[in-house]
Amino acid sequence: MDVLSSEDRHKNMSHIRSKDTKPEKQIRSALFRAGFRYRICDKRYPGKPDLIFPRYFAVIFINGCFWHAHENCQYFVFPKSNQEFWKKKVYTQQRT
């Protein structure tokens, strides 16, 4: 049972961003300091990678703990609602 109303849930979910996350900013900062230049979230590339290095013909995808479901990871938790859906989705993502 969801404890939030649909309006509150919508508000919460609308604040979860797919780019400029903390891990992404940390990696971008370190790469920039090391002299690498890149593009960010370019829609022209398949899968819309987080970092694109045109000079090296390389891309980087930065995924958080939720999609990786690392074993013994302190940050990974399955959502409490619709767990069967999320287990299937997360474990399917790991294989691809």
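The predicted model holds 4 aromatic pairs. In one of these, the ring centres of F85 and W86 lie 5.0 Å apart and the ring planes stand at 80 degrees to each other, an angle that makes the pair edge-to-face because planes over 60 degrees apart are assigned to that class. Both partners are partly exposed: the relative accessible area is 40% for F85 and 23% for W86, and W86 is therefore not counted as buried, a term kept for values under 20%. Elsewhere, ring pairs link F36, Y38, F53 and Y56 into a cluster. A further aromatic ring, that of F32, has a charged residue over its face, with R37 placed at 3.7 Å from the ring centre.

With regard to overall architecture, the protein contains 4 helices and 3 strands, which follow one another along the sequence in the pattern α-α-β-β-β-α-α. The strands form an open sheet in the order β1-β2-β3, with antiparallel pairing. Strands β1 (39-40) and β3 (58-60) occupy the edges of this sheet, and each has a single partner strand, so that one side of each remains without a neighbour in the sheet. The antiparallel pairing of β1 with β2 (residues 51-53) rests on 2 bridges, and across this pair I40 stands opposite L51 of β2. Helix α2, which spans residues 22-33, packs on the sheet and touches β1, β2 and β3, while its direction makes about 25 degrees with that of β2. The residue F32, whose ring face is covered by R37, falls within the span of this helix, and F53, a member of the aromatic cluster, belongs to strand β2.

Across the protein, buried residues make up 17% of the 96 residues. Of the contacts with a separation of 6 or more, 14% are accounted for by residues 24 or more positions apart.

Confidence in the model varies along the chain. The mean pLDDT of the protein is 81, and 85% of its residues reach 70 or more. Strand β2 has the highest confidence, at a mean of 95, whereas the lowest is found in helix α3 (residues 65-68), at a mean of 62. Where pLDDT is low, predicted coordinates should not be read in detail.

How values were computed: Residues are numbered from 1 along each chain as its sequence is written. This is a predicted model: local features need pLDDT of at least 70, side-chain atom pairs count only at pLDDT 80 or more; totals for chains, interfaces and linings use all residues. Side-chain values use heavy atoms; hydrogens and water are left out. Two strands pair if DSSP finds at least two bridges between them. Contact means heavy atoms within 4.5 Å. Axes are lines fitted to C-alpha atoms, for helices over the stretch in contact, and angles run from 0 to 180 degrees between N-to-C directions. Rings of Phe, Tyr and Trp (its six-membered ring) pair if their centres lie within 6.5 Å; planes under 30 degrees apart count as stacked, over 60 as edge-to-face and the rest as tilted. Buried means under 20% relative accessible area, exposed over 50%, partly exposed in between (1.4 Å probe, protein chains only). A charge sits over a ring if NZ of Lys or CZ of Arg is within 6 Å of the ring centre and within 35 degrees of the ring normal. pLDDT is the predictor's confidence in each residue, from 0 to 100.
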